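User: Got a structure up that I'd like to go through with you. Can we start with the ligand?
Analyst: Sure, put it on screen.

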Amino acid sequence: MSGRVVDLLVVGAGISGLGMALMARRRGVQSLILEAGGHLGGAINSHRFETGEGLFWAELGGHTCYNSYGNLLQLLQETGQLDSLQPKQKLRYWLQHQGRLTSIPSQLNFPELLGVLPRLWMSGKEGRTVADYYGRIIGRRNFRRVLGPALDAVVCQPAADFPADALFRKKPRRKEIVRSFTGPQGLQSFIEGMASQLEIRLHSPVIGLERGEGHYRVQLENDAIEAKSVALAVAPDIAAGILAGSMPDLAAPLQEIEMAAIESHSVLLKADRLALPPLAGIIGVADDFYSAVSRDLVPDDHYRAFTFHFRPEVLDQTGRLGRICQVLGVDPDAIESQVGCSNRLPALRLGHAERVSRIDKALQGNPLALTGNWFSGVSIEDSLIRSDQECRRLFGG
Ligand SMILES: Cc1cc2nc3c(=O)[nH]c(=O)nc-3n(C[C@H](O)[C@H](O)[C@H](O)COP(=O)(O)OP(=O)(O)OC[C@H]3O[C@@H](n4cnc5c(N)ncnc54)[C@H](O)[C@@H]3O)c2cc1C
């Protein structure tokens, strides 16, 4: 890469990094994206099972996008993908409770609910954990038995200690767009459509960053690239490692942000081998898994798939498959194909907003952006909201 000075070097080809690069392009700034692995999309990972009837996709990571994802929709528009949205059916989530599947309302204690509902109008989310805020609104018992496990399923980790204001922040809906959607071959299609318009180098892990005269020197294992500006779109602990040598004051608060591990395991079955009615997914109550996300929302005549998101380090692969068969009520020979992967998500805690303010203060005046799913919330749209803010700070507009 000798002699080339990149306008914007983006580290990480997840949705935050791809979004940052496309938002910069909107402002006439060209970028180069460096991705450590061989997969585009990071936590967006639609596996394509090969079947006798062609490819059948199932989401191993992020799965649900809504018409309130304004930044995502704008990027899909700009990359010519808005016409390809596949609507998702409306189906219910079920609870897996004490060895059987039950509906969510059947587990709610209504007298407790009625007793505490008036507090809905008194409670603010600020400074409260999820357990404190929602426990007040719905009652401690209802929280423990129903809402707590459902929120664990939403953030794929124990949600009780999350800041309450990091979940379900209201975003305007684009009513002309279907409420919940995916791409023709899952969310990966969106990633592929975006990536095809960007310059990306795979298998290029960044290991360090130095500030030179008017530019950054980005260190790879066997190479270095000069860039006028840099965006780190990686997990906070990885960003901390990259910045440790050159900006230790910025690296320190990043290092404080915890990450939660998730073991995700997807199975493909012939539709006629399952007695379960179509469902959106299953929420594990005090179980080894947080959730099982179903492909039924985009139905298929021949196949069904479920991705179970397991607590880390509880079951090995054989144990996970055994638990999946129990919950789905099938024998192991009903599983046509399976695939697993490890995921990570930030474990946000009270005081996070102050930590982000400190980080933003340290970034002021630097042509260095930090983006990802660890600022205001962990969703795809939260990631893009941050990319948009950082793009505006660096390039205006
Ligand atoms: C199981 C699961 C279910 C989810 N469900 C939903 C959902 O339904 N709806 C929703 O909105 N969100 C969901 N999310 C959250 C959402 O998918 C993620 O928050 C979002 O995709 C994160 O994007 P990102 O780009 O910030 O990070 P990542 O996707 O983690 O991308 C970071 C990228 O950086 C790369 N990288 C790491 N280190 C380096 C390095 N040193 N050099 C270069 N590259 C590097 C990584 O390989 C990766 O590709 C889910 C997440 C998980 C894990």
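User: Which ligand atom does the backbone of Val206 contact, and at what distance?
Analyst: A nitrogen atom of the ligand, 3.0 Å from a polar backbone atom of Val206. Keep in mind that this is a predicted model.

User: And how much of the ligand does the protein bury?
Analyst: 88% of the 1,000 Å² that the ligand exposes when taken alone.

User: What do the backbones of Ala43 and Ile380 do?
Analyst: Each has a backbone N or O atom by a ligand oxygen atom. For Ala43 the distance is 2.7 Å. For Ile380 it is 2.9 Å.

User: How many residues surround the ligand?
Analyst: 34. Ser16, Glu35, Ala43, Tyr69 and Val378 are the closest.

User: How does that shell divide by residue type?
Analyst: 17 nonpolar, 16 polar and 1 charged.

User: Which elements supply at least two shell residues each?
Analyst: Among them are helix H1 (15-26), strand E18 (335-347) and helix H12 (380-395).

User: Switching to cysteines. How many disulfides?
Analyst: The count is 0. Take Cys156: the nearest cysteine sulfur belongs to Cys341 and is 10 Å away.

User: Why is Cys325 not bonded to Cys341?
Analyst: Because the two sulfurs are 19 Å apart, too far for a bond. Cys341 holds the closest cysteine sulfur to that of Cys325.

User: Are those two, Cys156 and Cys325, buried or exposed?
Analyst: Cys156 is buried, at 11% relative accessible area. Cys325 is buried too, at 6%.

User: Now strands. What does E7 pair with?
Analyst: E7 (residues 93-97) pairs with E15 (residues 281-284) in the parallel sense, over 4 bridges. E7 also pairs with E8 (residues 100-102), in the antiparallel sense, over 3 bridges.

User: Which residues are the bridge partners of Gln96?
Analyst: In E15, Gly284. In E8, Leu101.

User: What about the hairpin of E7 and E8?
Analyst: There are 2 residues between the strands, and Gln98 takes a positive phi near 45°.

User: Last one, Arg144. Where does it sit, and is it buried or exposed?
Analyst: Arg144 is in helix H6 (residues 140-155). It counts as exposed, because its relative accessibility is 58% and the cut-off is over 50%.

User: How far is Arg144 from Ala286?
Analyst: Their C-alpha atoms are separated by 9.3 Å. Along the chain, the two are 142 residues apart.

Key: Residues are numbered from 1 along each chain as its sequence is written. This is a predicted model: local features need pLDDT of at least 70, side-chain atom pairs count only at pLDDT 80 or more; totals for chains, interfaces and linings use all residues. Side-chain values use heavy atoms; hydrogens and water are left out. Two strands pair if DSSP finds at least two bridges between them. A disulfide is a pair of cysteine sulfur atoms within 2.5 Å. Buried means under 20% relative accessible area, exposed over 50%, partly exposed in between (1.4 Å probe, protein chains only). A residue is near a molecule or strand if one of its heavy atoms lies within 4 Å of it. A polar contact is a pair of N or O atoms within 3.5 Å; within protein, one must be able to donate a hydrogen and the other to accept it, and residues adjacent in sequence count only if both atoms are side-chain atoms. Accessible areas come from the Shrake-Rupley method with a 1.4 Å probe; for residues, only the protein chains shown count as cover. Ala, Val, Leu, Ile, Met, Phe, Trp, Tyr, Cys and Pro count as nonpolar, Asp, Glu, Lys and Arg as charged, and the others, Gly among them, as polar.
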